[in-house]
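Reader: I'm new to reading protein structures, and I'd love some help with this one. Could we go through it together?

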Amino acid sequence: MTWTGMRRRPRRLVVGVVVPLVLAVAAGGTAAFLMRAHASGANAAPNTASRMSKDSVSGSLVSAPAFSKVAASGDTVVAVGSQDSAIPSFSVSTDGGRTWTPAFMGSQAGPVTGHPATTVAGGPGGWVGLGPHAIWVSADGMNWMLVSARGLAGPGETITGLAKDSWGYLATGTARSGTGLVWTSPNGLNWHRFTAARFGLVSVPGEQVFAMTDAASDWNVTLIVGFANKGGKTCAYVWRSLDNGAAWRTVVVPQTNGAGWTFAGLAGDAGHFIAVRPGATGGLADAVVYTSEDAVNWHFATTIADSAGFTPRQVTAGSGGTGRFVVTGRDRQGHVVAYTSTDNGATWAHSEGFGVVPSA
């Protein structure tokens, strides 16, 4: 089964070389987002724990946005989330994450309140934001339109990841019934739903793919992370496609150096890929990083460790071949912690001062 035939093959575009240090943190059941620019003195997004702002329509006080996901393409970086759990929020940077401004929002599907996006992806050709009850589209990352107040997921279904590659968009999800799901679209407007089996992710008879948890793309390489039951054993898998979803191959990411069997996330940029597993050393949580140049052959790179512990939650890539990646999570005191790499995951630097994010 392929989704590549839905539109004519586009021209290959070269993405500019600017990468943000934009930090995403999923904390327990609540996602929060804090951003700190790479350049000293640059503007940072407000700490979601304390700032308040006034709603431009009602004049009432609302909390500052809590951002749940970020995506970057060249100089453009977009973070999506909500205010007071209901008012959609899009923040955009056009200078690689140094300064930020609220994006413009419109609607073709009624009031926007109650329809925030929880994940976002974009690049040359457009942007898409998805939420439990929302499909947002944008041509440039700055101007957003709500085109559906229903969203992709049906009853008992959850969207877990979103990626854009050279052919379109791919979203992953999970059904309450225990089935992994994939949605694809050439333009963000028209979507096609597949079970994991129908999408070609089941490789052996009797295998059940019951959850898809993340997706990533390096434009021509698409990766999906999920869970499967095989022979009575639960495994975390990574699938790779080089032909825009026509065929998928299961790739083996090592589980070494104290790593657990799950994934905090993975990302790719300009032929460089990283995958991060939560781990532990001496009773302290840490992050175990693996790298690859082809998304097939993976090697242990390093362990991100801290005296206060570090539990990774999300992995974000820059774009344009800059070698920048960000891994964010929490220490054992509940502080937001971020580590950045500028050499494709080989070494990591700790970023200070992101505060404590509320868990409810």
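**Rings, charges and strands**

Author: Happy to! Trp261 has a relative accessible area of 40%, so Trp261 counts as partly exposed. Keep in mind that this is a predicted model.

Reader: Which residue forms an aromatic pair with Trp261?

Author: Two rings pair here if their centres lie within 6.5 Å, and planes over 60 degrees apart count as edge-to-face. For this pair the centres are 5.4 Å apart and the planes stand at 80 degrees, so by that rule it is edge-to-face. Trp261 is in the loop between β21 and β22 and its partner is in strand β19 (residues 222-230), so the pair ties together parts 34 residues apart in sequence. The partner is Phe227.

Reader: Is Phe227 buried or exposed?

Author: Buried means under 20% relative accessible area. Phe227 has a value of 15%, so Phe227 is buried.

Reader: What kind of aromatic pair do Tyr290 and Phe300 form?

Author: Tyr290 lies in strand β24 (residues 284-292) and Phe300 in strand β25 (residues 299-304), ten residues apart. Tyr290 is buried at 0%, whereas Phe300 is partly exposed at 35%. Their ring centres are 6.1 Å apart, and with 70 degrees between the planes the pair is edge-to-face.

Reader: Which residue forms a salt bridge with Glu157?

Author: The count comes to one salt bridge. Its closest N and O atoms are 2.7 Å apart, which fits the cut-off of 4 Å. Glu157 sits in strand β14 (residues 157-164), and its partner, 36 residues apart from it, sits in strand β17 (residues 192-195). That partner is Arg193.

Reader: Why does Glu157 count as buried?

Author: The cut-off for buried is under 20% relative accessible area. Arg193, its salt-bridge partner, is partly exposed at 40%. Glu157 counts as buried because its relative accessible area is 18%.

Reader: Which strands stand at the edges of the sheet with the order β26-β27-β28-β29?

Author: This is an open sheet of four strands with antiparallel pairing. Each edge strand has a single partner, so one side of each is left without a neighbour in the sheet. The edge strands are β26 (311-317) and β29 (349-351).

Reader: What is the bridge partner of Thr328 in β28?

Author: Strands β27 (residues 325-330) and β28 (residues 336-341) run antiparallel and are joined by six bridges. In β28, the partner of Thr328 is Ala338.

Definitions and conventions:
Residues numbered from 1 in each chain as written. Predicted model: local features only at pLDDT ≥ 70, side-chain atom pairs only at ≥ 80, totals over all residues. Heavy atoms only, no water. Pairing = 2+ DSSP bridges. Helix = DSSP H or I, 4+ residues; strand = E, 2+ residues; numbered from the N terminus. Salt bridge = Lys/Arg side-chain N within 4 Å of Asp/Glu carboxyl O. Buried < 20%, exposed > 50% of the residue type's maximum accessible area, 1.4 Å probe, protein only. Phe/Tyr/Trp six-rings, centres within 6.5 Å; stacked < 30°, edge-to-face > 60°.
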